[in-house]
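Visitor: I should like to go through this model with you, beginning with the ligand and its surroundings and then turning to individual residues. Would you guide me?

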Amino acid sequence: MSTIPTIKLNDGNAVPAIAFGTGSKLFGQDCASSVQLAIDCGFTHLDGAQVYGNEAFLGEGIKRSGKARSELFIVTKLQPGTKPREVRASLVESLRKLGLDFVDLFLIHSPLMKPEDGTLQELWKAMEAVHAEGLAKSIGVSNFMIDDLKAVLSVAKVVPSVNQMELHPYTWKDAGLAVEYGLANGGITPASYGGLSSIFRAAGGPVDQVVTPMVERLSKEYGKSVTPAHVLFKWILQKGGIVVTTSSKEERLKEYLETFQAPDLTAEDIRAIDQAGTEKSERFYWGNPDKFRK
Ligand SMILES: NC(=O)c1ccc[n+]([C@@H]2O[C@H](COP(=O)([O-])OP(=O)(O)OC[C@H]3O[C@@H](n4cnc5c(N)ncnc54)[C@H](OP(=O)(O)O)[C@@H]3O)[C@@H](O)[C@H]2O)c1
């Protein structure tokens, strides 16, 4: 159960390298039994958000699991459009729903829907205030591109610890620039959602064509089954990223957690996946970010 490695954040806190998410398929759903199942399978990092509308069910799943609070890493994200002066109250309401005294990580969900009467800088100061109060042990951002990171870093006393992004080979050409900028400017750890997109949201594309022979080669070398999910998660993990994924199926949750026993990719494998990703840039969440920018 304790085979999940942790990644040290720039504030010194440790985050389990893979998370079970309660958005996407579970958006707006009663996710309590799914959360309980994920924890029973060995997940300790749970990714929620105010906008998913299911924080109370996430809290219920945590409670039912019987797992000690100290063994769990719980994330929530600020509802897009929240005004800076409402940040504290919104987090307190999340904590009430979750049944917790603090979250391990609180993220600005998106820079694309700025509050009418505020800026990203003011929003970040409000995030720093809840961090100072201990309501969030770490604070970070999500879906931030380089300009958004620059805006926050221009005022930050606490550098964001994480930038959670749609990160897979088909977004790497652009998202990879923000990853590299974040790592070079304060050690902002990237977290990837949508990491399995090439398998089923864009099946049959150039990434499949390089991942399939890698899966065969690695399975032979390892003597056990290595799956496309293992390869795609390794691709993220070996770039220093956190994996945020989900599944409704126990076998798949177990498969995801076996990533840490599977063999690492070579530098050449990683380059081949990067290259295949550039042949077909595609995003599956948040549409074209330029459409949302004011
Ligand atoms: N910050 C943000 O703006 C943002 C945006 C989106 C998501 N997220 C977070 O990231 C989490 C994960 O996002 P995601 O769902 O996009 O992650 P993902 O890892 O790309 O996809 C997970 C999905 O992959 C499916 N899957 C896995 N292997 C498959 C296969 N071989 N064939 C077909 N389907 C397969 C699973 O379906 P089954 O259920 O059938 O196993 C599961 O629903 C969300 O729950 C949320 O917490 C954050």
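Visitor: Where does the ligand sit?
Guide: The model is a predicted one. A molecule is assigned to a pocket if more than half of its atoms lie within 2 Å of the grid points of that pocket. On this basis the ligand is placed in the largest pocket.

Visitor: Which residues come nearest to the ligand?
Guide: The shell around the ligand holds 29 residues. By class, this shell has 6 charged, 9 nonpolar and 14 polar residues. Those that come nearest to the ligand are Asp47, Thr245, Ser247, Lys249 and Tyr285.

Visitor: Which helices and strands each supply at least two residues of the shell around the ligand?
Guide: The shell draws on several elements, each of which gives at least two residues. They are helix 7 (197-200), strand 10 (242-245) and helix 10 (250-257).

Visitor: What is the distance from an oxygen atom of the ligand to an N or O atom in the side chain of Lys249?
Guide: Lys249 is among the residues that come nearest to the ligand. Polar contacts are counted for N or O atoms within 3.5 Å. For an oxygen atom of the ligand and an N or O atom in the Lys249 side chain, the distance is 2.4 Å.

Visitor: How much of the ligand does the protein bury?
Guide: Other side chains also approach ligand oxygen atoms: a polar side-chain atom of Arg201 is 2.9 Å from one oxygen atom of the ligand, and for a polar side-chain atom of Trp286 the distance to a ligand oxygen atom is 2.8 Å. Taken alone, the ligand exposes 930 Å². Of that area, the protein buries 90%.

Visitor: Which backbone oxygen lies 2.8 Å from a polar atom of the side chain of Thr246?
Guide: Thr246 is found in the loop between strand 10 and helix 10. Its relative accessibility is 17%, so Thr246 counts as buried. The backbone oxygen at 2.8 Å from a polar atom of the Thr246 side chain is that of Gly21.

Visitor: Is Ser24 buried or partly exposed?
Guide: Ser24 belongs to the loop between strand 3 (18-21) and helix 1 (32-41). Its phi is near 35°, a positive value in a residue other than glycine. Because its relative accessibility is 39%, Ser24 counts as partly exposed.

Visitor: Is Asn143 buried or exposed?
Guide: Asn143 is not a glycine, although it has a positive phi of about 65°. This residue is located in the loop between strand 7 (136-142) and helix 5 (146-153). At a relative accessibility of 9%, which is under the 20% limit, Asn143 counts as buried.

Visitor: What separation is found between the C-alpha atoms of Leu9 and Ser138?
Guide: Leu9 has its place in the loop between strand 1 (6-8) and strand 2 (14-16). With 5% relative accessibility, Leu9 counts as buried. Leu9 and Ser138 are 129 residues apart along the chain, and their C-alpha atoms are separated by 8.6 Å.

Visitor: How far apart are the C-alpha atoms of Val15 and Phe73?
Guide: Val15 is part of strand 2, and at 0% relative accessibility it counts as buried. Along the chain, Val15 and Phe73 are 58 residues apart. The separation of their C-alpha atoms is 6.9 Å.

Visitor: How far apart in space are Val130 and Glu251, C-alpha to C-alpha?
Guide: Val130 is in helix 4 (residues 120-132). Its relative accessible area is 1%, so Val130 is buried. Val130 and Glu251 are 121 residues apart in sequence, and from C-alpha to C-alpha they are 38 Å apart.

Visitor: What is the C-alpha separation of Val210 and Gln275?
Guide: Val210 is in helix 8 (residues 206-222). With a relative accessible area of 23%, Val210 is partly exposed. Val210 and Gln275 are 65 residues apart along the chain, and the separation of their C-alpha atoms is 9.6 Å.

Technical notes: Residues are numbered from 1 along each chain as its sequence is written. This is a predicted model: local features need pLDDT of at least 70, side-chain atom pairs count only at pLDDT 80 or more; totals for chains, interfaces and linings use all residues. Side-chain values use heavy atoms; hydrogens and water are left out. A residue is near a molecule or strand if one of its heavy atoms lies within 4 Å of it. A polar contact is a pair of N or O atoms within 3.5 Å; within protein, one must be able to donate a hydrogen and the other to accept it, and residues adjacent in sequence count only if both atoms are side-chain atoms. Accessible areas come from the Shrake-Rupley method with a 1.4 Å probe; for residues, only the protein chains shown count as cover. On a 1 Å grid over the protein atoms alone, a cavity is a set of points where a 1.4 Å probe fits but cannot get out, and a pocket is an open set with protein on both sides within 12 Å along at least five of seven lines; lining residues have an atom within 4 Å of a point. Helices (H or I, at least four residues) and strands (E, at least two) are DSSP runs, numbered from the N terminus. Ala, Val, Leu, Ile, Met, Phe, Trp, Tyr, Cys and Pro count as nonpolar, Asp, Glu, Lys and Arg as charged, and the others, Gly among them, as polar. Buried means under 20% relative accessible area, exposed over 50%, partly exposed in between (1.4 Å probe, protein chains only).
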